[in-house]
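Subject: Structure for your review

Dear colleague,

Please find below the structure that I am handing over to you. My notes on what was found in it follow directly after.

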Amino acid sequence: MRLTPTHITLIKTIVHLVSLGFAVNLVNLALSGRFGADPVDGITHYTGIAALNTLVVTMLVSPIARFTKNGLLVRCRRVVGLYAFFWATLHMLTYFALDLTFNFSLLGTEILSRPYLTFGAIGWLILFALTITSTAKIQRRMGAKWQKLHNLVYLALILAPVHFYWSSKSELIEPTIYILLALTLLAIRWKTLKRIVARPVFRRT
């Protein structure tokens with residue numbers, strides 16, 4: 001089925017509603033005490049998984065658009081990416097506010113001394129850079145540099161699940177699945193690039 005601009009608007013609306021639903025669920029779980037004995041850990045895990053899932057969905061948009069031959073679907077990528085940054089920021093703020101009680105000096109020390117936090121911080125900085133340069137106006141201003149910058153999302157896609165893996169104390173199956181998923185998406189991207197490069201160019205004579 002060929003998508004129309006109306007379909008794209010509908011998909012974006014669904015993205016907003018689903019994201020709002022997860023945010024409301026987070027508040028409900030926190031206020032009702034259903035995060036268990038360690039609510040900070042529960043909130044940190046919830047926001048981290050939400051950020052990872054949304055980032056993965058963001059990276060799935062282009063392959064799905066290419067596979068279904070619906071180029072308009074790419075217009076949904078930005079809104080999903082913005083929610084990935086939203087959840088990643090909430091994840092970071094949970095740690096900074098509830099674990100470190102807004103201690104900036106301690107935050108710097110923790111990031112530099114703990115590799116999993118270093119990876120997480122770099123991933124967040126990448127998403128921040130992509131978010132503030134995601135508008136069409138900035139894309140036009142940056143030209144070719146815009147695409148080079150936004151290719152860093154693939155680095156964030158690897159850093160995020162590795163950060164999850166290193167931060168897990170015992171349960172490693174879930175973060176391992178995310179790492180494998182990220183590697184699969186990178187492989188798809190690599191094959192796509194090879195196909196584009198190998199495609200013959202016909203010139204008119």
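The model, which is a predicted one, holds 11 aromatic pairs. One of them joins Phe-85 and Phe-128 in a tilted arrangement, with 6.0 Å from centre to centre and 45° between the planes. Since Phe-85 belongs to helix 3 and Phe-128 to helix 5, the pair ties together parts that are 43 residues apart in sequence. The two partners can be described by their accessibility: Phe-85 is buried, at a relative accessible area of 16%, whereas Phe-128 is partly exposed, at 34%. In addition, one aromatic cluster is formed by Phe-35, Tyr-46, Tyr-83, Phe-86 and Trp-87.

I turn next to the nonpolar cores. The largest comprises 25 residues, and those with the most contacts inside it are Leu-26, Phe-35, Tyr-46, Leu-55, Trp-87, Leu-127 and Leu-157. Two or more residues each are given to this core by helix 1 (5-31), helix 2 (39-68), helix 3 (77-99), helix 5 (115-132), helix 8 and helix 9 (173-198). Helix 2 supplies the largest share, namely seven residues. Phe-35, beyond its neighbours within four places in sequence, is in contact with Leu-26, Leu-29, Ala-30, Gly-42, Ile-43 and Tyr-46. There is also a second, separate core of six residues, among them Leu-3, Ala-65, Leu-73 and Cys-76.

A further residue to inspect is His-163, located in helix 8 (residues 153-167). His-163 counts as buried because its relative accessible area is 14%, under the 20% cut-off. A polar atom of the His-163 side chain lies 2.6 Å from the backbone oxygen of Tyr-116. When neighbours within four places in sequence are set aside, His-163 is in contact with His-91, Tyr-116, Leu-117, Phe-119 and Gly-120.

As to annotation, the unreviewed UniProt entry assigns "domain: Ferric oxidoreductase" to residues 47-160. Over residues 47-160, the chain is 83% helix and 0% strand, and the C-alpha atoms at the two ends are 12 Å apart.

Finally, a word on confidence. The protein has a mean pLDDT of 92, and 94% of its residues reach 70 or more. Residues 201-205, however, have pLDDT under 50 throughout, and the model shows zero contacts for them beyond four places in sequence. Where pLDDT is low, predicted coordinates should not be read in detail.

Yours sincerely

Definitions and conventions
Residues are numbered from 1 along each chain as its sequence is written. This is a predicted model: local features need pLDDT of at least 70, side-chain atom pairs count only at pLDDT 80 or more; totals for chains, interfaces and linings use all residues. Side-chain values use heavy atoms; hydrogens and water are left out. pLDDT is the predictor's confidence in each residue, from 0 to 100. Contact means heavy atoms within 4.5 Å. Helices (H or I, at least four residues) and strands (E, at least two) are DSSP runs, numbered from the N terminus. Buried means under 20% relative accessible area, exposed over 50%, partly exposed in between (1.4 Å probe, protein chains only). A polar contact is a pair of N or O atoms within 3.5 Å; within protein, one must be able to donate a hydrogen and the other to accept it, and residues adjacent in sequence count only if both atoms are side-chain atoms. A nonpolar core is a set of buried Ala, Val, Leu, Ile, Met, Phe, Trp, Tyr and Cys residues joined through side-chain atoms within 4.5 Å. UniProt positions are given in the numbering used here, feature names are shortened, and annotations may be inferred rather than shown by experiment. Rings of Phe, Tyr and Trp (its six-membered ring) pair if their centres lie within 6.5 Å; planes under 30 degrees apart count as stacked, over 60 as edge-to-face and the rest as tilted.
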